[in-house]
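Subject: Structure handover

Hello,

Here is the structure for you to look over. My notes follow it.

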Amino acid sequence: MEASTVAALYPAHRCKTVYLVRHAQGFHNAAEESDIIDHTSPALLDAQLTPLGWSQVDCLREHVTKSGLAKKIELVIVSPLMRTMQTAVGVFGGGNYTDGVSAPPLMVEGAENSGRQPISSLNCPPFLAVEACREKLSVLTSDKRSSITRYRTLFPAIDFSLIKNDEDVLWGPDVIETDESVVARGMNLFDWLWTREEKEIAIVTHCGFLYHTLNTYGKGCHPTVAEELGKVFANCELRSMVLVDRSKLGSDTSRYNFAGKIPAGLDMPSDVADKKQAEEASKN
């Protein structure tokens with residue numbers, strides 16, 4: 001059998017599995033299907049999910065439940081915009097919230113006139129809002145977030161502690177982020193994941209962010225892999241990826257590796273040979 005350089009091996013403790021999800025259909029996506037649309041309209045500010053978007057959320061939730069994925073995910077990272085948070089809690093959150101439960105809900109009843117039942121924060125992973133996975137910044141009002149104060153009233157159990165500013169200081173009517181900037185914060189986000197102990201992480205984010213970041217990772221890969229990485233995400237699409245630490249960013253050890261020689265003793269024949277070589281070397 002000839003040696004192959006196609007496959008690659010990495011220690012398991014230097015790998016994480018990330019589940020990348022684009023948000024479900026928002027009102028700005030539905031508006032894009034119109035012949036005439038003003039993307040700067042205040043009506044599209046921090047666009048929420050459409051009824052079709054919520055149906056897409058329900059379908060993806062059914063899939064992650066039936067496939068067993070829901071029980072594997074240890075952390076949900078979410079872009080702090082309405083449509084991504086609605087998608088994240090709808091897909092990966094607990095069941096319906098019950099009054100009197102001590103734990104706060106992930107989403108309150110009817111948040112943003114959604115008509116949805118409250119969503120429990122029990123029996124599900126923690127949720128962490130991270131600005132680094134926001135959509136590419138542009139003049140579109142749909143990409144301007146609301147205040148964190150407002151979000152906390154709608155999504156009480158999402159952790160917003162990593163976001164420093166209450167109001168959105170990143171978006172501006174004249175701000176157009178470069179592709180290179182999106183890629184830089186995308187790759188920094190994936191590097192930052194190595195500071196986390198979780199191994200199975202879901203990231204609920206946006207089409208542009210995923211497209212620019214993954215296309216960069218695809219450079220240098222086989223064309224088939226590059227094409228797969230660079231394909232545009234549909235609304236509420238989920239793809240699983242393996243994140244590999246090739247630069248020793250992480251420092252943890254494997255939970256499953258076993259050192260061997262416990263209890264210690266000579267193995268035959270290699271250890272005997274090693275012992276004889278050591279004895280001969282000591283005589284010289």
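Cys59 is exposed, with a relative accessible area of 52%. The model is predicted, so please read every value here as computed from it. The cysteine sulfur closest to that of Cys59 belongs to Cys236, 8.1 Å away. That is too far for a bond, because a disulfide needs the two sulfur atoms within 2.5 Å. The structure as a whole holds 0 disulfides. Cys133 is another matter: its relative accessibility is 0%, so Cys133 counts as buried.

Overall layout

The protein has 9 helices and 5 strands. Along the sequence they follow the pattern β-α-α-α-β-α-β-α-α-β-α-α-β-α. There are 284 residues, and 44% of them count as buried. Take the contacts with a separation of 6 or more: 77% of them join residues 24 or more positions apart.

Cores

In soluble globular proteins, nonpolar side chains tend to be buried together. Here the largest nonpolar core has 34 residues. Those with the most contacts inside this core are Val76, Val89, Phe92, Phe127, Phe155, Ile158 and Phe160. Several elements give two or more residues to this core. The strands are strand 1 (15-22), strand 2 (75-78), strand 3 (127-129) and strand 4 (200-205). The helices are helix 2 (51-66), helix 4 (82-92) and helix 5 (148-154). Which of these gives the largest share? Helix 4 does, with 6 residues.

Phe160 is worth a look on screen. Beyond its neighbours within four places in sequence, Phe160 is in contact with Met85, Ala129, Ile148, Tyr151, Arg152 and Phe155. A second, separate core has 21 residues. Among them are Leu189, Leu193, Phe209 and Leu243.

Thr87

Thr87 sits in helix 4. Is Thr87 buried or exposed? Its relative accessible area is 0%, so Thr87 is buried. Leaving out residues up to four places away in sequence, Thr87 touches Val21, His23, Ala24, Leu49, Val57, Val204 and Cys236. Cys236 is also the residue whose sulfur is closest to that of Cys59.

Helix packing

Two packed helices are described by the angle between their axes and the distance between the axes. I have two pairs for you.

Helix 6 (residues 179-192) packs against helix 7 (residues 207-218) at an angle of about 75 degrees, with the axes 9 Å apart. The two helices are therefore roughly perpendicular. Helix 6 makes the contact through Asp179, Val182, Val183, Arg185, Gly186, Met187, Leu189 and Phe190. Helix 7 answers with Gly208, Phe209, His212, Thr213, Thr216 and Tyr217. By type, the contact residues are 7 nonpolar, 5 polar and 2 charged. Leu189 and Phe209, both in this contact, are also part of the second core.

Helix 7 also packs with helix 8 (residues 223-230). Their axes come within 8 Å and cross at roughly 170 degrees. That makes helix 7 roughly antiparallel to helix 8. Tyr211, Leu214, Asn215, Tyr217 and Gly218 make the contact from helix 7. Ala226, Leu229 and Gly230 make it from helix 8. These residues divide into 5 nonpolar, 3 polar and no charged. Tyr217 takes part in this contact and in the one with helix 6.

Best wishes

Terms used
Residues numbered from 1 in each chain as written. Predicted model: local features only at pLDDT ≥ 70, side-chain atom pairs only at ≥ 80, totals over all residues. Heavy atoms only, no water. Axes fitted to C-alpha atoms, helices over the stretch in contact; angles between N-to-C directions. Helix = DSSP H or I, 4+ residues; strand = E, 2+ residues; numbered from the N terminus. Parallel < 35°, antiparallel > 145°, perpendicular 65-115°, else oblique. Contact = heavy atoms within 4.5 Å. Nonpolar A, V, L, I, M, F, W, Y, C, P; charged D, E, K, R; others polar. Core = buried A, V, L, I, M, F, W, Y, C linked by side-chain atoms within 4.5 Å. Buried < 20%, exposed > 50% of the residue type's maximum accessible area, 1.4 Å probe, protein only.
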